[in-house]
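Visitor: Please take me through one part of this structure up close, in plain words. I'm new to this, so explain the terms as you go.

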Amino acid sequence: MKVNGTAYRSIWLADDGKGVEIIDQTLLPFQFKVVRLDTLEQAMDAISRMLVRGAPLIGATAAYGICLGLRADQGSEALKKMGEQLIGCRPTAVNLRWAVERMLQVLLPLEEEQRLQAAYAEAAKICEEDVLTNESIGRHGAKLIAEVYARNGGNPVNVLTHCNAGWLATVDWGTALAPIFKASEQGIPVHVWVDETRPRNQGASLTAWELVAAGIDHHLIVDNAGGHLMQHGQVDLCIVGTDRTTASGDVCNKIGTYLKALAAADNEVPFYVALPGSTVDWGVDDGVAQIPIEERGQDEVLQLMGVDASGGVGRFSIAPAATQAVNPAFDVTPARLVTGLITERGVCSASKQGLLGLYPEKG
Ligand code: MRU
């Protein structure tokens, strides 16, 4: 995607072929800063502090994190430890584990001296595949938007999304936003309701920023507004991303997604989830009982980041100093509330049968 006319991905190999460059997403939309990662520790820090975030992107960063770690030690024990450390950085998004396991599967059988080059090749492959996968999600999802448009009498299609599942959350294109980018490219007028997504405001700071750059009509709304808009016929469909979807179609995504799905079901608004196959955890059936939910620090709830009238970026407290907060980062939307899953292989029902229809090799 383009930033001020220059094409960017969210992660790329530095010109020297050793370091990795990322966009520091904690500073957007106020500052566009590219950060270079040279060590495993820096990659882990970027994932934990959410300089990079979004399930597919943290998977890609972990893959490159292995490359950076191998620069210091190519031994098997070191490699396994790197994998464990990377997976531990964020517990909910299964793409992190998926990418690490894929890297270890390729690297462990090799001789130590072969590993570094093979690691860079595999990490690059993960990134290339992610781009193609998401573009395909975009094509399938755009058909759903086109169907609504055909019924809408030429009016813009109103899509509500939660958090950021745009290109910044992946290597490129995004998952939930890919259908919106594609539909927009096809000339379909789309208007996006952007949930601000407390506590970190990924909607306000990242999704809105992406939509501004793409020239797509949108309005930012507080997280509590979606239900009201749905009651008044102002949402045609919801599309969100996911950090882990169970084999039976339960969807774990950014905290607040579940409430949107409940409101959508009550108002008969279709609720779609866009995901690559790598986000399905085939070993888990019951999302509420089995998916580990990341608990993040209370400062994310007690403070907001913003810019003041003089342009200074800072953090601002919004609660009494004595107040404590809890900060579960994700929730689980049961499959029964999900209209369909938009994958790179097509759209299916949120069910074991639906998923196995598209991914029969997992049966
Ligand atoms: O905590 P974050 O910002 O990493 O959470 C991201 C989300 O919840 C996204 O919806 C999800 O990772 C899908 S990204 C394509």
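**A loop residue, then the strands**

Guide: Let's start with D38, which sits in the loop between β5 and α1 (40–48). Those labels are DSSP runs, numbered from the N terminus: helices are H or I with at least four residues, strands are E with at least two. Before going on, bear in mind that this is a predicted model, where local features need pLDDT of at least 70 and side-chain atom pairs count only at pLDDT 80 or more, while totals for chains, interfaces and linings use all residues. Residues are numbered from 1 along each chain as its sequence is written, and side-chain values use heavy atoms, with hydrogens and water left out.

Is D38 buried or exposed? With a relative accessible area of 35%, D38 is partly exposed, a label for values between buried (under 20%) and exposed (over 50%), using a 1.4 Å probe and protein chains only. Leaving aside residues up to four places away in sequence, D38 touches G19 and L68; a contact means heavy atoms within 4.5 Å. R71 is 33 residues away from D38 along the chain, yet their C-alpha atoms are separated by 9.1 Å.

Another loop, between β4 (20–23) and β5 (34–37), holds F30. F30 counts as partly exposed because its relative accessibility is 35%.

Now for the strands. In general, strands of a sheet pair through backbone hydrogen bonds, either parallel or antiparallel. Here, two strands pair if DSSP finds at least two bridges between them. Take β9 (residues 237–240): L237 and I239 on one side, and C238 and V240 on the other, are all buried, so both faces are covered. Strand β6 (residues 157–161) runs parallel to β9, joined by 2 bridges, with V159 partnered by L237. Strand β12 (residues 271–274) also pairs with β9 in the parallel sense, over 3 bridges, and I239 has Y272 as its bridge partner there.

Elsewhere, an open sheet of 4 strands follows the order β13-β10-β11-β16, with mixed pairing. β13 (280–281) and β16 (330–333) stand at the edges with a single partner strand each, so one side of each has no neighbour in the sheet. Strand β10 (residues 244–246) pairs with β13 in the parallel sense over 2 bridges, and T245 stands opposite V280 in β13.
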